[in-house]
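Dear colleague,

Please find below the structure that I am handing over to you, followed by an account of what was found in it.

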Amino acid sequence: MELLFMLAKTAEMGGSDIYLVPGRPITAKVRGVFTQVSEDQLSTTECERLITEMYQLACNRNMVEVLTKGDDDFSISISRLGRFRCNTYKQRSSLAAVLRVVPFGLPDPKALNIPDVALDLALIKRGMVLVTGPGGSGKTTTLACMIDRINRSTTGHIITLEDPIEYIHSHQGCIVSQREVINDTESFAKALRAALRQVPNVILLGEMRDYETIQTALTAAETGHLLLSTLHTVGAAKTIDRIVDVFPANQQQQVRIQLSMVLQAVISQQLIPTVDGKVEPVFEIMISNSAIQNIIREGKGHQLDNAIFAGAAQGMRAMDSELLRLFKEKKITKENALLYASNPDVLERRLT
């Protein structure tokens, strides 16, 4: 199967991801369901040919990264079809790949059920706003909508640091500089340090991956910038624990104090399978107030769920309350509500 035909067929089916793995047919994820795109299993040679073609489409990108280190991230853009975020990797000494479909143009937040309160958090002037959730839950899409809200509503300089660039932002009210790791800069940490000298108002950091990047991100948020970023965590409490745990034990109390001052909000999202075979985005939203700042500072993360529940009047949303609402609306099953819950035992009592 030709690469362009495969990509076009997947996009036509409404697929979100494409899997190229030797020994399996080409497979697409369509509304959460794995669907075969090809009839025949991919041979090692055929899979390598398709992946080599991907690199040629990415402006003849060098394959040395995946061949020597075993992993590589990049994106390709195909006219009238869309953009594709590509991750290539070695498995069983052969090449494989997963591609994420990114349509041209920016996503419509209303069509994706992204709540207005989440988008409004993009208009905070300084501090840190995190969008968290498991892989494939739509974090990048939510961030793209937030950047678009800033770009159309304010003036200033937006710098995005991504690996790879997915959504393309044109200059609207803001100047937008989009930098891609490897192609435009060596690493997130190096680009983030450089960004502080590029007079930004807003910095989008694709992912807070390591100690150095997180440390620099906290500094950037302290120095009067708005910093947006992501973590692969579910829920505000786990997000805060992940950040603190990156640091040595003797620095963790200071980091809690620092985080309590700069963290403005945590948006945590999951995609939940619905009874009609689709998926529904569910959002937990924590907005920092004095009670939450005290909880972070004192390391009492187990109290955050109650603080979020109590903050409903401020626009906060608790994950389990949203799951309960969807269950009562008969959109999701009890089993899925409990599977994706933060506190399944407590939620089960509320479901009965």
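Helix 7 and helix 9 are oblique to each other, because the angle between them is about 45 degrees, and an angle counts as oblique when it is neither under 35, nor over 145, nor 65 to 115 degrees. Please note that the model is a predicted one. Helix 7 covers residues 211-222 and helix 9 covers residues 252-262, and their axes lie 10 Å apart. The crossing of the two helices is left-handed. On the side of helix 7, the contact is made by Leu218, Thr219, Ala221 and Glu222; helix 9 contributes Val255, Gln258, Leu259 and Val262. Sorted by class, this contact of helix 7 with helix 9 comprises five nonpolar residues, two polar residues and one charged residue.

I turn next to the sheet. Seven strands make up an open sheet with mixed pairing, and their order is 9-8-10-11-7-12-13. Strand 9 (174-180) and strand 13 (279-287) are at the edges; each has a single partner strand, so one side of each is left without a neighbour in the sheet. On average, neighbouring strands of this sheet are turned by 15 degrees against each other, direction ignored. Helix 12 (residues 319-328) packs on the sheet, where it touches strand 12 and strand 13. The direction of helix 12 makes about 145 degrees with that of strand 13.

Strand 11 (residues 226-231) deserves a paragraph of its own. Six of its six residues are buried, so strand 11 is largely enclosed by the rest of the structure. Both of its faces are covered: Leu226, Leu228 and Thr230 are buried on one side, and Leu227, Ser229 and Leu231 are buried on the other. Strand 11 runs parallel to strand 10 (residues 202-205), to which it is joined by four bridges. One pair to look at there is Leu205 with its bridge partner Ser229 in strand 11. Strand 11 also runs parallel to strand 7, and six bridges join these two. Here Val131 has Thr230 of strand 11 as a bridge partner.

Val131 also leads to strand 12, where its bridge partner is Ile267. Strand 7 (residues 127-132) and strand 12 (residues 263-273) run parallel and are joined by five bridges. Within these strands, Thr132 stands opposite Ser268 of strand 12. Eight of the 11 residues of strand 12 are buried, so this strand too is largely enclosed by the rest of the structure.

How do strand 12 and strand 13 pair, and over how many bridges? The pairing is antiparallel and extends over nine bridges. Ile267 stands opposite Ile285 in strand 13. The hairpin of strand 12 and strand 13 has five residues between the strands, and Gly277 takes a positive phi there, near 85 degrees.

One further residue may be of interest to you. Glu53 is located in helix 2, which spans residues 44-57. Is Glu53 buried or exposed? Its relative accessibility is 17%, and Glu53 therefore counts as buried, the limit being under 20%. Leaving aside residues up to four places away in sequence, Glu53 touches Glu2 and Leu3.

Yours sincerely

Technical notes: Residues numbered from 1 in each chain as written. Predicted model: local features only at pLDDT ≥ 70, side-chain atom pairs only at ≥ 80, totals over all residues. Heavy atoms only, no water. Pairing = 2+ DSSP bridges. Axes fitted to C-alpha atoms, helices over the stretch in contact; angles between N-to-C directions. Contact = heavy atoms within 4.5 Å. Left-handed = near helix turned anticlockwise from the far one by under 90°. Nonpolar A, V, L, I, M, F, W, Y, C, P; charged D, E, K, R; others polar. Buried < 20%, exposed > 50% of the residue type's maximum accessible area, 1.4 Å probe, protein only.
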